[in-house]
Amino acid sequence: MPLSHPPLDLLPIRRLTSDDLLACADLSENRGWLREEHKWGLLLTAGVGYGIDDPSGKGLVTACVVTSYGPDMAAIGMVLVAEAYARQGVGRRLMRHVLAEAGDTPLSLYATSNGRPLYEQLGFTSAGRAEMLKGRFTPNEPAPDRTVRPATAEDLQHVLRLDHEIFGADRTHLITRLPAFADHLRVAEQDGVITGFAALWPNMDTHVIGPLIAPDPGTAQALVASLAAATDRPLRTDVDVRHTSLVTWLKANGLDRIATNALMIRSLPDLPGDWSRRFAPLTVAAG
């Protein structure tokens, strides 16, 4: 880095906007991640991005996104540091800034094995794990018979209430973006009552399933099977490892584990809501 550039600890941290989408995607690619422009677009509009501009004038040194779920919860994702600035304390400085901005608000994030030591030093503790699965879905083991159908506009209020109940926080600003963000949105019904829902959204050459909310593993399988039938792309999803029957079923139908990320929380003993009906998040956005 040229001597004319200010020291890293003096570079200002600023709010990111949707105008920074390509710079964020470039940063992902710089660190060997997928560009994931579609996901970045959602996170930068539904959440608050933070970043430091590269003093060379080319892109970003570091970035992350915080998605608020009201005063009781916020999620941190996409924590990245450019390769040229790695291991120089930039990520730690950005995270300390985010923690100061959050104040007393409890925080959650998904951590890669590389990021976990830093988050532990900053007061995060492990609350679970998500298994990332990817592959071409082949229905070797059929799903149980459940009533699953495409969601309609009239279903949105029911989906919002169900998500609030199961997630334990108000995600209205995120869930209301699902119909436009996802290529397909399905709901599960029993006796005319919506009991679960799932979205299928595009990410590079794959389709991602998430969120996946269901009253039981059989209904989760039926939602996945319905969405899988709607695409010819490989599927990816991130399943709470406690849902062993769903993980086993997905592997029997062509998906393989490609990574495991730790769910970490700060200022909370555990995540709110009902984990037993929360099979997969909207996006892991690990850092």
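## The largest cavity

In this predicted model, 34 residues line the largest cavity. Those nearest its centre are Y69, Y110, F167, P281 and T283. Six strands give two or more residues each to this lining: β3 (60-68), β4 (74-81), β5 (107-111), β6 (125-135), β10 (206-213) and β13 (278-280).

The volume of the largest cavity is about 500 Å³. With a threshold of 30 Å³ or more, the count is 1 cavity. Nonpolar residues supply 24 members of the lining. The rest divide into 5 polar and 5 charged residues.

## The second largest pocket

The second largest pocket has a volume of about 170 Å³. Its lining consists of 15 residues. V48, Y50, V66, S68 and A74 lie closest to the centre of this pocket.

Three elements each give two or more residues to the pocket lining: β2 (48-53), β3 and α3 (90-102). Strand β3 also appears among the elements that give two or more residues to the lining of the largest cavity. By class, the pocket lining has 8 nonpolar, 5 polar and 2 charged residues.

## Helices α1 and α2

Helix α1 covers residues 21-30, and helix α2 covers residues 37-46. They pack at an angle of about 130°. Their axes are 9 Å apart. Because of that angle, α1 is oblique to α2. The crossing of α1 past α2 is right-handed.

On the α1 side, the contact uses L21, L22, C24, A25 and S28. On the α2 side, it uses E37, W40, G41 and L44. The contact of α1 with α2 holds 6 nonpolar residues, 2 polar residues and 1 charged residue.

## Helices α8 and α9

A further helix pair is formed by α8 (residues 217-228) and α9 (residues 244-252). Here the packing angle is about 35°. The axes of α8 and α9 lie 9 Å apart. α8 passes α9 in a right-handed crossing.

From α8, the contact residues are P217, A220, Q221, V224 and A225. From α9, they are S245, L246, W249 and L250. Of these contact residues, 7 are nonpolar and 2 are polar. The contact of α8 with α9 has no charged residues.

## Backbone exceptions

Most peptide bonds are trans, and most residues other than glycine have a negative phi. Two sites in the model depart from these habits, one in the peptide bond and one in phi.

The bond from G210 to P211 is cis. Its omega is near 0°. P211 sits in strand β10, and β10 is one of the strands that give two or more residues to the lining of the largest cavity.

M78 has a positive phi, near 55°, and is not a glycine. This residue belongs to strand β4. Strand β4 is likewise among the elements that give two or more residues to the lining of the largest cavity.

Definitions and conventions
Residues numbered from 1 in each chain as written. Predicted model: local features only at pLDDT ≥ 70, side-chain atom pairs only at ≥ 80, totals over all residues. Heavy atoms only, no water. 1 Å grid on protein atoms, 1.4 Å probe; cavity = no way out; pocket = protein on both sides within 12 Å on 5 of 7 lines; lining within 4 Å. Points joined across faces, edges and corners; volume = space filled by probe spheres on them. Helix = DSSP H or I, 4+ residues; strand = E, 2+ residues; numbered from the N terminus. Nonpolar A, V, L, I, M, F, W, Y, C, P; charged D, E, K, R; others polar. Axes fitted to C-alpha atoms, helices over the stretch in contact; angles between N-to-C directions. Parallel < 35°, antiparallel > 145°, perpendicular 65-115°, else oblique. Left-handed = near helix turned anticlockwise from the far one by under 90°. Contact = heavy atoms within 4.5 Å.
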